[in-house]
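Colleague: I'd like to learn how to read a fold from a set of coordinates. Could you walk me through this one?

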Amino acid sequence: MLWSGWGDPARATPLPEPVTGLLRDLLGVEPSGTRTVALADIPVPPSPLDTAARRSLAAIVGEEHVRVDAESRIRHTRGKSTPDLLRIRDGDVDDIPAAVVLPESHDEVLAVLRACAEHRLPVVPFGGGTSVVGGLAPGRRGAFVALDLRRMNRLLALDPVSRTATLQPGLRAPRAEALLAEHGFTLGHFPQSYEWATIGGFAATRSSGQASAGYGRFDEMVLALTVATPEGTLDTGRAPRSAAGPDLRQLLLGSEGAFGVITSVTVRIRPVPQVRHYEGWRFPSFEEGTAALRRLAQDGPRPTVLRLSDETETLIGLARPDAIGSAALPQATGCTAIAGFEGTREDTTRRRDRAAAVLRDHGGTPLGEEPGEHWARGRYSAPYLRDALLDAGAFAETLETATFWSGVPRLHAAVGEALTTTLTGAGTPPLVMCHISHVYENGASLYFTVVCAQADDPLARWARAKRAANEAILAAGGTITHHHGVGTDHRDGYLREAGPLGIAALQAVKRRLDPAGLLNPGVLLPTD
């Protein structure tokens with residue numbers, strides 16, 4: 001992965017001239033005149049890992065798997081939020097790990113955690129490095145270890161009768177899909193971070209994929225977890241459902257490495273679909289489109305993929321990020337929806353026809369397969385577009401939330417107003433776009449994208465805007481995060497959402513599993 005941006009460097013392309021002109025005219029974006037500091041020029045201090053700690057870790061995983069070189073440490077510094085990228089591009093490595101340790105097994109993870117506890121070294125589990133909420137930046141300053149799980153990348157077991165698979169946490173999503181496909185199965189989990197994110201990261205953050213309407217969220221797929229902690233091993237889940245007390249899986253899912261390190265995940269799998277079909281629909285307004293999505297989510301037939309862009313996002317064409325600025329992107333009005341159907345040919349055709357009747361009944365106009373297929377081809381392109389926007393002098397970032405259907409209009413308006421008000425400077429408002437990204441019987445997720453000029457001190461400016469957006473989310477009855485996780489960015493909002501007693505209960509769990517408070521300190525929960 002590109003150390004100063006997202007993904008494959010070969011796919012990073014500059015913005016076309018029509019887009020840079022639009023940014024200049026609409027938002028006052030001007031090239032910043034600065035350049036990204038070269039990786040080799042970043043002033044990295046020597047590793048503060050002492051000799052005794054290094055020897056202990058090397059005895060567990062091997063000398064070659066305890067890395068203290070500058071590049072390895074830089075590549076494990078923070079995640080991929082826009083503030084993360086702007087800081088690393090500027091050469092800021094204040095919270096660089098002292099070492100990167102790469103275990104190969106559950107037993108090695110256990111031993112590493114015990115050694116780190118002995119040497120009072122905080123540990124930050126590291127999968128694909130795609131966190132966008134400060135999930136890889138410990139709140140406690142000083143030396144810490146980045147525990148890179150990439151060597152734990154195998155399919156451990158597959159039960160075709162029960163349709164389950166056990167996967168290691170460092171397995172990246174594309175490789176997991178390829179391994180399952182060899183047996184005729186799919187996990188069906190395709191978030192925007194799909195190309196780089198890992199199985200362990202999906203579980204640790206309660207990830208939600210773009211096909212969640214059909215396959216469910218990742219936490220709904222998980223049947224069992226094995227977790228290593230400084231105090232020993234937790235094995236959870238021995239049946240598809242159980243009444244044997246509270247479900248410990250749910251305590252560990254979304255715990256973001258604060259309670260332990262996930263070392264295996266057993267998930268339910270589905271047969272590879274015979275067909276995948278995606279299509280576009282147009283609605284006169286976001287309100288009418290939302291009503292149509294609600295009808296499908298509640299009464300069916302529910303598509304596998306179901307998304308709706310608001311008027312601004314439709315106008316800009318963000319549903320097709322790889323085509324923005326090209327002649328292939330027509331000027332659009334109203335709101336664009338994407339509906340995708342996967343399964344057998346017969347079932348897919350039947351659900352498409354029934355869904356079309358519902359969408360038409362709510363004012364929808366079919367746009368054919370082209371918009372849907374184009375979305376499917378470019379569904380992982382938005383992070384690359386974000387890199388190009390940063391290169392051009394723009395600031396681009398995202399945030400998301402969720403609420404019940406009756407609260408969607410209020411939440412949409414409140415967050416949009418908070419972002420616009422806070423980021424408007426010198427008479428130039430930001431571009432605030434939104435889409436419904438995930439639907440449920442009782443509510444939906446709203447995903448916002450913000451673009452504005454970087455201007456002076458963009459990090460402080462965004463911090464103010466993010467605080468305002470978080471306040472608006474909580475005031476409007478939304479959750480502080482639907483699928484990006486808590487990290488450090490959402491921690492204060494999460495404390496309010498969970499309440500004092502709830503947080504105290506979680507802190508008690510952490511004290512039992514991690515008495516020294518060394519696992520991802522400051523992430524999810526405040527440090528003592």
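**Reading the strands and cores**

Modeller: Let's start with strand β14 (residues 335-343), which is mostly covered: 9 of its 9 residues are buried. Buried means under 20% relative accessible area, exposed over 50%, and partly exposed in between (1.4 Å probe, protein chains only). Helices (H or I, at least four residues) and strands (E, at least two) are DSSP runs, numbered from the N terminus. One caveat: this is a predicted model, so local features need pLDDT of at least 70, side-chain atom pairs count only at pLDDT 80 or more, and totals for chains, interfaces and linings use all residues. Residues are numbered from 1 along each chain as its sequence is written, and side-chain values use heavy atoms, with hydrogens and water left out.

Colleague: Which residues of β14 point one way, and which the other way?

Modeller: In a regular strand the side chains alternate between the two faces of the sheet. Here C335, A337, A339, F341 and G343 point one way, while T336, I338, G340 and E342 point the other way, and all are buried.

Colleague: Which strands pair with β14?

Modeller: Strands of a sheet pair through backbone hydrogen bonds, either parallel or antiparallel. Two strands count as paired if DSSP finds at least two bridges between them. Strand β12 (residues 275-283) runs antiparallel to β14 and shares 9 bridges with it, whereas β13 (residues 305-309) joins β14, also antiparallel, by 4 bridges. A339 makes a handy landmark: E279 stands opposite A339, and so does L306. R307 has I338 as its bridge partner in β14.

Colleague: What is the strand order in that sheet?

Modeller: This open sheet of 7 strands reads β15-β12-β14-β13-β17-β18-β16, with antiparallel pairing. Its edge strands, β15 (365-368) and β16 (394-404), each pair on one side only. On average, neighbouring strands are turned by 20 degrees against each other, direction ignored. Axes are lines fitted to C-alpha atoms, for helices over the stretch in contact, and angles run from 0 to 180 degrees between N-to-C directions. Helix α1 (residues 17-27) lies across β16, β17 (431-439) and β18 (443-453), at about 85 degrees to β18. Contact here means heavy atoms within 4.5 Å.

Colleague: And what is the order in the sheet of 5 strands?

Modeller: That open sheet runs β5-β6-β10-β8-β9, again antiparallel. The edges are β5 (155-159) and β9 (232-236), each pairing on one side only, and the twist averages 10 degrees from one strand to the next. β5 and β6 (residues 164-167) pair over 4 bridges, with T164 in β6 as the bridge partner of D159. Helix α5 (residues 106-118) lies across β8 (222-229), β9 and β10 (261-268), at about 40 degrees to β8.

Colleague: Which residues touch the most other members of the largest nonpolar core?

Modeller: A nonpolar core is a set of buried Ala, Val, Leu, Ile, Met, Phe, Trp, Tyr and Cys residues joined through side-chain atoms within 4.5 Å. The largest has 47 residues, and I199, F218, L225, V265 and V267 touch the most other members. A second, separate core of 45 residues includes L296, A356, V408 and F448. Beyond its neighbours within four places in sequence, F218 contacts residues including L187, I199, F202, V265 and V267.

Colleague: How many helices and strands does the chain have?

Modeller: There are 18 helices and 18 strands. Buried residues make up 58% of the 528 residues. Along its principal axes, the C-alpha trace spans about 65 × 60 × 45 Å.
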